[in-house]
Number of protein chains: 2
Amino acid sequence: MPEQTEKTELSERKKQILAHVVELYIKTGEPVGSKGLISATGMSVSSATVRNEMNELDSLGYLEQPHTSAGRIPSQKGYRYYVDHLMKNREIDELTKRLIDAGISSAVGDPEKLISKSREVLANLTKCATVSTAPVGEMTLIRKIEIVPVGTYSAMMVLLTSNGILKSRLCRTDSEINAGILESFYNIVDSFILEKPALEITPAYIQTLAAAVEGDYFTMLPLLAAVSELADSVGDSRLILGGSSNLLSFKDYGASAVALLEFLGKREPLTDVISSSKGSLDIHIGSENKYKQLENSSVIVSKYSVKGDDTGTISVIGPTRMDYETIIPSIKYMTDLVGRLISQALEE
Amino acid sequence: MPEQTEKTELSERKKQILAHVVELYIKTGEPVGSKGLISATGMSVSSATVRNEMNELDSLGYLEQPHTSAGRIPSQKGYRYYVDHLMKNREIDELTKRLIDAGISSAVGDPEKLISKSREVLANLTKCATVSTAPVGEMTLIRKIEIVPVGTYSAMMVLLTSNGILKSRLCRTDSEINAGILESFYNIVDSFILEKPALEITPAYIQTLAAAVEGDYFTMLPLLAAVSELADSVGDSRLILGGSSNLLSFKDYGASAVALLEFLGKREPLTDVISSSKGSLDIHIGSENKYKQLENSSVIVSKYSVKGDDTGTISVIGPTRMDYETIIPSIKYMTDLVGRLISQALEE
DNA sequence: ATTAGCACTCGGGTGTTAAGAGTGCTAAAA
DNA sequence: TTTTAGCACTCTTAACACCCGAGTGCTAAT
């Protein structure tokens, strides 16, 4: 009597077999056949039985055959069923946890560094590509601008946003940077730049400000240009891709790896993919992604929120055959940690 | 009588043919045969003549055949002869020049930005991988450190080196950052950190400093740790690789592209390759590079020097079949420009 | 010195075949 | 009714033979 009792319910043994197929395929990358499955898992049934079950899983759409005489591989539906129902979502591995902690320890206190470190660490850990989006949005305000002269004609400038992103650069003027210049610079900054959204500090806006400057226009211009350049680079931290070369090692993508890398290189579609995630941890398998270029990939998007309502994301992109079982706990742990640390860093 | 008069000298026509073969092969990527060469160049000799000449070029080692019945491709020696004697080293293209100028215009005044922009721009231009090394060395000193509180427990910290590299980060302490802390921080910085080589500000060194702090050890520690982190990241700017995914588009590297990317990902050998260059513009063709992984690649290393004796480099890495004729003027122009602009930025 | 002509070579493409892996089905056993 | 053993079948892959064409090297004629 324990058979598929409903359309959506699989018999225990089918579940077991599906889980084994998915896991074996994830491990080896080879289509798994009835015999191979038995010898690898030690199930105490015959290959014929497994074959029958697999056959049914096949017609139910959970498995598919690359060709008639090969083993089976999970279909998209199969992966989906696996991550939804079969995967033991175990706790994160203690060692992995240590690696993560150690990896981002040097960035504690600085949101931007936390974000990029987390991306790097996760890329190393998962051997997949990772994407991070900083909690930068419409309402990320310019919080502080400092300028420190380091020579007669040059100064270092630092810009801090309400989200804790810090950008700095040197800038150079044609005429001397004296107290007067600094004063009028801070005046402009105080009145027209601070507490404005970073996205609004465009070159055009700067132009209009500069036009209104009395007197030392030509000294002020490079300073204001530097401000706009810094404000602009805040936006750059929004979405960053890392570890994409990891994807080359997967034999899953044959020659198509190049096309994938090209796709990932473009900003807009990637932003789209990430931002279309709703939950706090979303898994998009294969063609669940709306972009054709991702049909053989899975994207795991995990969100964290910092004290405001701003949310950032960390994502992992890899072949559908990625190791969900270990990646998911890692990315979860990572996002929690980063969210906590950033919130902490932003406390007054 | 104009034949190969010496071992090292080729007849005019041989030179012409060699040049054509190299250029055609660079353009098409296909081995060039006698007929194809004539039809592509409009030479007024018969294919048989060309064949004879090619045959001799072959035995002299300038050309080689992938297989008997294919056309010829330049050997390493052929490329070498081409870049040394045959290539018209024309001026940089006006359009390219504009692109370069425009590309790095936003970075003027900031050495570090200049360096990374130049790398990016050159990667886009050449479609190859690019490597930049900043003029960071043993004698790059910490020139200035500023710390600006931005909240009760957090401050932004900025570090400037003698070479104009600026690094910044937020840092956070457990107890309040007050005037006293700041004062003792600056005391430590002034006495033990400023004007020291950045490379010497290691975590270990910081440890010994921190140990000697009286009183508020636990507040000072994160600040000093941040200093060491910043000093460390100065070293990171030393050698940076960019545009490596460009290499994937070259059909020259088939499956070996992956191995190449892996090689380029490692820091030490790459440093070795770049730093073994002696002249101001060095071209290493194929296995002239001492690393086996580069046997199908050429590396062009171009140096610039800034006012001191510090020199940085910009390099292009691509298949031996790269377009030397346009890449070389571009990289030359770029290094000159960057060298000039950095020197300018570093003037008092 | 150049060229036309020609035999030759070799890689790439196209069957064909044999081996191997894996399946689906059937009939017997539990 | 479920499981299992056996077997025929399918399909991929590797290996081999084959042909075609591009390109060569050589020779003889100009």
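**Entry 1, the surface near DNA strand C.** I began with the helices, and found that helix 3 (47–59) of chain A and helix 3 of chain B each supply at least two residues of the surface near DNA strand C. I kept in mind that this is a predicted model. Which element gives the largest share of that surface? It is helix 3 of chain B, with 4 residues. I then sorted the surface by class and got 4 nonpolar, 13 polar and 4 charged residues.

**Entry 2, who comes nearest.** There are 21 residues around DNA strand C, and I noted those that come nearest: Ser34(A) and Arg72(A) from one chain, Thr49(B), His67(B) and Thr68(B) from the other. On the DNA side, I looked at the atoms of strand C within 4 Å of the protein: 78% belong to sugar or phosphate, and the rest to bases.

**Entry 3, polar contacts.** Arg72(A) turned up again here, with a side-chain N or O atom 2.8 Å from a phosphate oxygen of DNA strand C. Ser69(A) uses a backbone N or O atom, which I found 3.2 Å from a sugar or linking oxygen of the strand. For a base, I have Arg51(B), where a polar side-chain atom lies 3.3 Å from a base oxygen of DNA strand C.

**Entry 4, helices 2 and 3 of chain B.** Next I followed Arg51(B) into the helix contact, where Ser47(B), Val50(B), Arg51(B) and Met54(B) of helix 3 meet Ser34(B), Lys35(B), Leu37(B) and Ile38(B) of helix 2. I count 4 nonpolar, 2 polar and 2 charged residues in this contact. How do the axes cross? They come within 8 Å and cross at roughly 115°, and I logged the crossing as right-handed.

Note on methods. Residues are numbered from 1 along each chain as its sequence is written. Chains are lettered from A and ligands numbered from 1 in the order in which they are written. This is a predicted model: local features need pLDDT of at least 70, side-chain atom pairs count only at pLDDT 80 or more; totals for chains, interfaces and linings use all residues. Side-chain values use heavy atoms; hydrogens and water are left out. Axes are lines fitted to C-alpha atoms, for helices over the stretch in contact, and angles run from 0 to 180 degrees between N-to-C directions. A crossing is left-handed if the near helix is turned anticlockwise from the far one by less than a right angle, and right-handed if clockwise. Contact means heavy atoms within 4.5 Å. Ala, Val, Leu, Ile, Met, Phe, Trp, Tyr, Cys and Pro count as nonpolar, Asp, Glu, Lys and Arg as charged, and the others, Gly among them, as polar. A residue is near a molecule or strand if one of its heavy atoms lies within 4 Å of it. A polar contact is a pair of N or O atoms within 3.5 Å; within protein, one must be able to donate a hydrogen and the other to accept it, and residues adjacent in sequence count only if both atoms are side-chain atoms.
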